[in-house]
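Visitor: I would like a close look at one part of this model. Please start there and then show me what surrounds it.

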Amino acid sequence: MRNFFVFLIISFFSLQNANAQWLNENLEGKWIGTVDFELYPDLVFVNIDSVIKVKLFYHQEETEKVENYKETSDSLTFQIDTPSMAATYKGEILNDSTIMGKLEVGFKTINCNLIRVASIDINDMGSLLGFFSFEDGRIIQIEPFYIDGTTHPLRVLDFYNGKQRILYPIYKDKNRVTFAAGPKMATSYPTDFHITLFRNDAGEALRLQYDSFTEGTSLKEGKRLQELANIKEITVKNKDIDIEGTLTYPNIDHNKIPLVIFVPGAGPQFRGNMFDEYVRTLPYYGIATFVYDKRGCGLSTGDIKSADFNDLASDLTQIINKLKKAKHIDADRIGLVGFDQAGYVMPIAASERDDLKFIVNISGSVSSFADQEKQALEQRLRADQFTQFDIDLTLKYQNLLMKYLEDGQKTPELTEAEKAILVTPMTEYVTTLDEEDYIQWWKRYYKFDAKPYWEKLNIPVLTYYGEFDNILNPTLNEERIKTFSNTQNFETKIMKKSNHFIIQGGKRGDVQLTEIEGYHPFLFKDLNEWIGMQMGLIK
């Protein structure tokens, strides 16, 4: 799974004209917007000073000056001319905080609207970090978020409606700081909602106000939730491996507290980079959580490259065994919530015990590993708009590769199929026969099937899939669950318009900053209520 931070490779170009002076001095400062390129929107940062500097996230362009720069009191234009981009920007200055513009590239005209970003300091940001609750019962979390060195945005996750957005500071005075969020995670225009921090004359934070223009609501009594006071760093031994994790207790004085263990997905997953939002609010509802660095990741020892599903399940088994004995943990109320690859790991660990309350399987495949990889291959090719002929050609090679892994015979048919793939873009989607490291990886996993482990379980299992998952086929997985001998224990939910992360808006399965809108609106409410019922906290 590609982590979305891989995409934050910042490239920039400077647009300069030695004689260019801004006529409208109110426009000096930092601006941010989105260029709606057809393949994917790009973030653009504009720094207006004695020279104009422009930065783009996904396109790598660089030029030393703009051509034909013109400005009036209500408009500006300039031209970009580089070996790989020739474009004209035309903007209408609506006011000192908004420029409505378009970028003309070839025969296409692309929207490029900008909003001004206010200057704030570390104290402004510090007052806004953490979890906050509002009068309608919603909880939001605000965290720092790095985009580039010229702005100071924050990330907000609204656990009520699932929205995950970047907050850009747009206004500041002595008693308040206002941040704005756009319609997608990092896009800034048009405004979706404002979050305003109000302070007294001494600079002390009083409350947050959440003004949602799309919901038509204004929540005025946002209060910081009490800090979780009891957080323990735990080391779990599994032979010569140390698994490091964090146990977070709720702020309640009970001797018997239920526990949810979050099981990470594929790839290098560790605290701070994993998608553990699914369990972050549970301590505020009376449930302890444990989140850990996967073997060979973060502070945990071991080798992630050589570990198989049984090794990872062995780590999870030792985690469960140790936490059952932890102070205040109710050993009879422990459940697992896992993402992606956890769908292979959790059933192995759970199949040999009868002391777990439930499993929540988020985007975890229940297909055999070989079938899942075929699904992933087809889903990715289809999402990237390959023809059916190309897809069939690639799947044929994948099937022959599976046969080669089984019998070790490099047949003429396999050789010809590989040759047909090597001269196409599809070669980037498959493992070729000369990639020995990947071939060995395939040999470790291709026979694996978690179905026998799932069928040993006699506990409730809730599975979430995204309708638009580009990693697995949700319908095929739902149908396979119906073949399980214990299918009555399983509940499957396919979340509309959502991808592999149960996030809406991403077109390619990745967490694309200029495309995604946030998690499915009902995900966290539905998940928390289901867990609460299994733990006996909700009747």
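Visitor: Which strands does helix α9 (residues 474-481) lie across?

Guide: This is a predicted model, so keep that in mind throughout. Helix α9 lies across two strands, β24 (461-466) and β25. Its axis runs at about 170° to β25.

Now look at the sheet under that helix. β24 and β25 belong to an open sheet of eight strands. Read across it, and the order is β18-β19-β21-β20-β22-β23-β24-β25. The pairing in this sheet is mixed. Two strands stand at the edges: β18 (231-238) and β25 (490-495). Each of these has a single partner strand, so one side of each is left without a neighbour in the sheet. The sheet is also twisted from strand to strand. On average, neighbouring strands are turned by 20° against each other, with direction ignored.

A second helix lies on this sheet. Helix α10 (residues 523-534) crosses β20 (257-263), β22 (329-339), β23 (358-362), β24 and β25. Its direction is about 165° to that of β23. Both helices therefore share β24 and β25 as strands they lie across, because α9 crosses this pair and α10 includes the pair in its list.

Move along the sheet to one pair of strands. β19 (residues 241-248) and β21 (residues 288-292) run antiparallel and are joined by four bridges. Within that pairing, Leu-247 stands opposite Phe-290 of β21.

Both residues return in the core. The largest nonpolar core has 69 residues. Leu-247 and Phe-290 are among those with the most contacts inside it, together with Leu-259, Ile-261, Leu-316, Ile-359 and Trp-454. Helix α5 (residues 388-407) gives the most to this core, contributing eight residues. Take Leu-316 as an example. Set aside its neighbours within four places in sequence, and Leu-316 still touches Ile-261, Val-263, Tyr-292, Leu-336, Val-345, Met-346 and Ala-349. There is also a second, separate core, with 47 residues. Leu-157, Met-495, Leu-513 and Ile-516 are included in this second core.

Next, the barrel. Eight strands close into it, in the order β10-β11-β12-β13-β14-β15-β16-β17. Here the pairing is antiparallel. Neighbouring strands are turned by 30° against each other on average, direction ignored. Start with β10 (residues 130-133), which four bridges join to β11 (residues 139-144). In this pair, Gly-130 stands opposite Ile-142 of β11.

Then go to the end of that order. β15 (residues 193-199) pairs with β16 (residues 205-212) in the antiparallel sense, over seven bridges. Thr-196 has Gln-209 in β16 as its bridge partner. The two strands make a hairpin with five residues between them, where Gly-203 takes a positive phi near 85°. β16 then runs antiparallel to β17 (residues 217-224), through four bridges. Asp-211 faces Ser-218 of β17 across this pairing. β16 and β17 also form a hairpin, with four residues between them. In that turn, Gly-216 has a positive phi of about 70°.

Now visit the early part of the chain. β3 (residues 42-48) and β4 (residues 52-56) pair antiparallel over five bridges. The partner of Phe-45 in β4 is Lys-55. β4 has two faces: Ile-52, Val-54 and Leu-56 are covered, whereas Lys-53 and Lys-55 are uncovered. Ser-84 sits further on, in the loop between β6 (75-82) and β7 (85-95). Its relative accessibility is 56%, so Ser-84 counts as exposed, since the cut-off is over 50%. Ser-84 lies 25 residues from His-59 in sequence and 9.9 Å from it in space, C-alpha to C-alpha.

Finally, step back to the whole chain. It has ten helices and 27 strands. The radius of gyration is 26 Å, close to the 24 Å that the globule rule gives for 539 residues, so the chain is as compact as a globular protein of that length. Its C-alpha atoms fill a box of roughly 75 × 70 × 40 Å along the principal axes. Of the 539 residues, 55% count as buried.

Technical notes. Residues numbered from 1 in each chain as written. Predicted model: local features only at pLDDT ≥ 70, side-chain atom pairs only at ≥ 80, totals over all residues. Heavy atoms only, no water. Pairing = 2+ DSSP bridges. Axes fitted to C-alpha atoms, helices over the stretch in contact; angles between N-to-C directions. Contact = heavy atoms within 4.5 Å. Core = buried A, V, L, I, M, F, W, Y, C linked by side-chain atoms within 4.5 Å. Buried < 20%, exposed > 50% of the residue type's maximum accessible area, 1.4 Å probe, protein only. Rg over C-alpha atoms; globule rule 2.2 N^0.38 Å.
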